[in-house]
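Reader: I would like to learn how to read the interior of a model and the packing of its helices. Could you take me through one case, step by step?

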Amino acid sequence: MLGKSSAPIVHIVITKYHPQVSQSERHLLATKMLALRHTCVLDGKPYILSLSGGKNKNPEGYDHGFEVLLPPYHLTLERSICFPGQHAFVMTFATFADREYYLHEDPVHLEFKTELLLKVASACVMDYEPGVF
């Protein structure tokens with residue numbers, strides 16, 4: 001279980017878009033997601049320590065229709081061999097409190113989340129403290 005410590009928290013979001021969402025809409029949403037690194041502020045300054053992504057390069061076939069973006073990120077409109085345009089994002093917060101603010105109070109994130117949820121068929125969200133099992 002995630003504790004309320006001051007240790008860094010890693011937040012992962014993986015999306016699978018509705019089929020009717022165009023590649024250009026997906027690209028725009030990915031761009032907006034990456035911009036949260038600078039547009040989400042707390043006490044007048046950005047508080048997301050890192051936000052990254054990239055194109056899935058794993059050949060094992062366990063992506064279940066999700067095309068994962070992991071560091072270093074690469075935004076492109078080109079299609080995946082199997083599943084076009086699905087995205088995942090990995091971000092790090094300095095503390096549990098920062099992550100809680102992001103999830104429940106940050107107006108920039110909440111507005112983006114509302115827009116994103118209209119476009120996704122499903123999502124997987126996972127948070128962890130590095131090294132805590």
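Author: Let us begin with the enclosed spaces, keeping in mind that this is a predicted model. The structure holds 2 cavities of 30 Å³ or more, and the second largest cavity has a volume of about 30 Å³.

Reader: Which residues line the second largest cavity, and which elements give two or more residues to that lining?

Author: A lining is read by listing the residues and then assigning them to elements. Here the second largest cavity is lined by Val13, Thr15, Tyr17, Leu29, Met33, Phe89, Phe112 and Leu116; strand 1 (9–17), helix 1 (23–39) and helix 3 (107–117) are the elements that each give two or more residues. Strand 1 supplies the largest share, with 3 residues.

Reader: How do the residues of that lining divide by class?

Author: The lining of the second largest cavity comprises 7 nonpolar residues and 1 polar residue, with no charged residue.

Reader: Turning to the helices, at what angle do helix 1 and helix 3 pack, and how are they oriented to each other?

Author: The angle is taken between N-to-C directions, and one over 145 degrees counts as roughly antiparallel. Helix 1 and helix 3 pack at an angle of about 170°, their axes being 10 Å apart, and the two helices are therefore roughly antiparallel to each other.

Reader: Which residues of helix 1 and helix 3 meet?

Author: On the side of helix 1 they are Leu29, Lys32, Met33, Leu36 and Thr39, which meet Val108, His109, Phe112, Glu115 and Leu116 in helix 3. By class, this contact of helix 1 with helix 3 has 6 nonpolar, 2 polar and 2 charged residues.

Reader: With which residue does Lys32 form a salt bridge, and how many salt bridges does the structure hold?

Author: The structure holds 4 salt bridges. In one of them Lys32 is paired with Glu115, and the closest N and O atoms are 2.9 Å apart. This pair links distant parts of the chain, with Lys32 in helix 1 and Glu115 in helix 3, 83 residues apart.

Reader: How are helix 2 and helix 3 oriented to each other, and which of their residues meet?

Author: Helix 2 (residues 96–104) packs with helix 3 at an angle of about 50°, with axes 6 Å apart, and the two are therefore oblique to each other. Tyr101, Tyr102, Leu103 and His104 in helix 2 meet Pro107, His109 and Leu110 in helix 3, a contact whose residues divide into 5 nonpolar and 2 polar, with no charged residue.

Reader: What is Leu103 in contact with, leaving aside its neighbours within four places in sequence?

Author: With those neighbours set aside, Leu103 is in contact with His11, His109 and Leu110. Leu103 has its place in helix 2, and its C-alpha atom is separated by 9.4 Å from that of Lys113, 10 residues apart along the chain.

Definitions and conventions
Residues are numbered from 1 along each chain as its sequence is written. This is a predicted model: local features need pLDDT of at least 70, side-chain atom pairs count only at pLDDT 80 or more; totals for chains, interfaces and linings use all residues. Side-chain values use heavy atoms; hydrogens and water are left out. On a 1 Å grid over the protein atoms alone, a cavity is a set of points where a 1.4 Å probe fits but cannot get out, and a pocket is an open set with protein on both sides within 12 Å along at least five of seven lines; lining residues have an atom within 4 Å of a point. Grid points are joined across faces, edges and corners, and a volume is the space filled by probe spheres set on the points. Helices (H or I, at least four residues) and strands (E, at least two) are DSSP runs, numbered from the N terminus. Ala, Val, Leu, Ile, Met, Phe, Trp, Tyr, Cys and Pro count as nonpolar, Asp, Glu, Lys and Arg as charged, and the others, Gly among them, as polar. Axes are lines fitted to C-alpha atoms, for helices over the stretch in contact, and angles run from 0 to 180 degrees between N-to-C directions. Angles under 35 degrees count as roughly parallel, over 145 as roughly antiparallel, 65 to 115 as roughly perpendicular and the rest as oblique. Contact means heavy atoms within 4.5 Å. A salt bridge is a side-chain nitrogen of Lys or Arg within 4 Å of a carboxyl oxygen of Asp or Glu.
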